[in-house]
Structure formats: C-alpha cells, structure tokens
Amino acid sequence: MLRLSSAIERRLDGDSAHAQAVNAFFQQELRKEYSAFAACFSFRRDDAAQWERYGNRGRGVCIAFRGELLRKMAVGPLSLHTVFYEDDVTGHPMVDRFCRLVQSKETLSEADPEIRQALREAWACSVAFKHPSFSSEDEVRLVVSPFGQEAFGIQPCYHISRERIKKYYPLDLREMCRRVGTALEELISEIIIGPESTQSCMILQDYLADQGLGALAPRVFLSDCPLRGMPK
C-alpha cells in the first residue's frame, strides 16, 4: 500500500494539493494493518523451477485447476489476481483508478462507496506483487480478503511449527464448486506426480476412487520433467 501511495503521488506530480491529500489518506489507511491471504498458482505446467521451489524438490504432486472455474468462484471476499512483477508499481491499474478517483472527488473519505471498494481491492492485490526476478513463475493468486466482509463466515485457523505460527483461512472447495454449479472433479483438470516422487500412480488412482473422486483417476500422470537424477 505504501508503494501504491507513492506511485499515485508521483503520477499527480504538479498537483500538490491532491498529492498531499493522497499521502495523508494512505498514511491513515496504513495504520489499520489489514492482511490478505493467498493461494498461489502458476500457468507453468510441469516446470522444473516450480518443482524445485514449491514441489518438495520434485517429490510432491502438482494439482492443476481450471482457471475459468476459479474465476467464477472469485466473488465476495475472494478475488483472482495476476502477479505484478515490477519494483515500480506506477504502471499498475490501481494507480490509474485512484488517480481518477482523487481528481473527481472533493475529499478522500472511506465513507465514499467508490473509495471504500477501491481500498478493499487495493488491500486484496497487495499480496500479488513480487520481485521481477520471479517473473518466470507466471503466477496468479486466489486472494482471501476477510476485512470489511460482514458476511465472511470462515473462521481463521493456525498452523504451529517449531519456527513460527501461521494464520490461514481454510476454503471448502466442494462448497465453492457447489455455489457455481459444478463438482470438485470438474475443478481439477489433472494431477501430476513429481519427477522425483516415489508415489505409485496406481495407488494414487485407487485412493482417489476410494475418496469418491474416481473421475480424477484417468487424469493422473507422471511428470515428464527431466529433473530426475539431478544433484540435490
């Protein structure tokens, strides 16, 4: 949010009154310390870098989701964001949006519905920025923004490890599918067993069938990524 505020002020260069108003408004907003939560996906299929960074060095499993269904599910406190891989956020669409709002309003107030909605979206996309060196990940994030959502009925959970306590919001994928008129089996397009995994394809298929997800069994594949045998 701080980088967004700075980018808006730079865009308003020469309009000192509006730039000062933006600075004061965002300084107040930053005191709220909101947090958004994200589930991260990549458009890169069976990618060596993804396996090494996020797939337990190739020993995990990749679950592919249908993007069009995720977009249908991204309503209310959920939103889908393409990750922005730039240090300078001046080119982000939210900068244009806030500049138009600032120049069209007499005052900046969260009581204004347009400004309130823009702030909620800004907080949501705040977790969809990443250093340019990660741009090859080609990432999209499903963001959960519980703040300001009175009807948000999911209670937070905590994962406790030796290093730290993490807070997260569990999403019921079956219920999310039901709301858009589909089934979990339709949401998942394929399951890829990692190139360094010892998981039996047949046993994973049996497991899915026993869990009532037999339709997914034919969509289980072994990775084609040549990560096997690479030094760890």
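Which residue takes a positive phi just after helix 9? Gly212 does, with a phi of about 80°. The model shown here is predicted. Helix 9 spans residues 201-210. At its start, Ser200 plays a part: a side-chain oxygen of Ser200 comes to within 3.3 Å of the backbone nitrogen of Met202.

Positive phi angles also turn up away from glycine. Asp46 is not a glycine, yet its phi is positive, about 50°. Asp46 sits in the loop that links strand 1 (37-42) to helix 3 (48-54). Is Asp46 buried or exposed? Its relative accessible area is 13%, so Asp46 is buried. Arg57 is a further non-glycine residue with a positive phi, here about 55°. Its loop runs between helix 3 and strand 2 (61-65). With a relative accessible area of 34%, Arg57 is partly exposed.

Now turn to the sheet. Three strands build it, in the order 1-4-3. The sheet is open, and its pairing is antiparallel. Strand 1 and strand 3 stand at the edges. Each of these two has a single partner strand, so one side of each is left without a neighbour in the sheet. From one strand to the next, the twist averages 25°. Look closer at strand 1 and strand 4 (residues 139-144): six bridges join them, and they run antiparallel. One residue pair to find is Ser42 and its bridge partner in strand 4, Glu139.

Next comes the nonpolar interior. The largest nonpolar core holds 23 residues. Met1, Leu4, Ile8, Leu12, Phe26 and Phe98 have the most contacts inside it. Which helices each supply at least two residues of this core? They are helix 1 (2-11), helix 2 (16-30), helix 5 and helix 6 (113-125). Leu4 makes a good place to start looking. Beyond its neighbours within four places in sequence, Leu4 is in contact with Phe26, Val89, Met94, Val95, Phe98 and Ala122. Apart from this core lies another, of 21 residues. Leu70, Leu142, Leu213 and Val220 are among its members.

His92 is the next stop. This residue lies in the loop between strand 3 (78-82) and helix 5 (93-104). Its relative accessibility is 11%, so His92 counts as buried. What does His92 contact, leaving aside its neighbours within four places in sequence? The partners are Phe84, Cys125 and Phe129.

Cysteines close the tour. A disulfide is a covalent bond between the sulfur atoms of two cysteines. How many disulfides does the structure hold? The number is zero. Cys40 is in no disulfide, and the nearest cysteine sulfur, that of Cys62, is 14 Å away. Cys40 counts as partly exposed because its relative accessibility is 47%. For Cys177, the closest cysteine sulfur is again in Cys62. That sulfur is 17 Å from the sulfur of Cys177, too far for a bond. Is Cys177 buried or exposed? Its relative accessibility is 0%, so Cys177 counts as buried.

Conventions
Residues are numbered from 1 along each chain as its sequence is written. This is a predicted model: local features need pLDDT of at least 70, side-chain atom pairs count only at pLDDT 80 or more; totals for chains, interfaces and linings use all residues. Side-chain values use heavy atoms; hydrogens and water are left out. Helices (H or I, at least four residues) and strands (E, at least two) are DSSP runs, numbered from the N terminus. Buried means under 20% relative accessible area, exposed over 50%, partly exposed in between (1.4 Å probe, protein chains only). Contact means heavy atoms within 4.5 Å. A disulfide is a pair of cysteine sulfur atoms within 2.5 Å. A polar contact is a pair of N or O atoms within 3.5 Å; within protein, one must be able to donate a hydrogen and the other to accept it, and residues adjacent in sequence count only if both atoms are side-chain atoms. A nonpolar core is a set of buried Ala, Val, Leu, Ile, Met, Phe, Trp, Tyr and Cys residues joined through side-chain atoms within 4.5 Å. Two strands pair if DSSP finds at least two bridges between them. Axes are lines fitted to C-alpha atoms, for helices over the stretch in contact, and angles run from 0 to 180 degrees between N-to-C directions.
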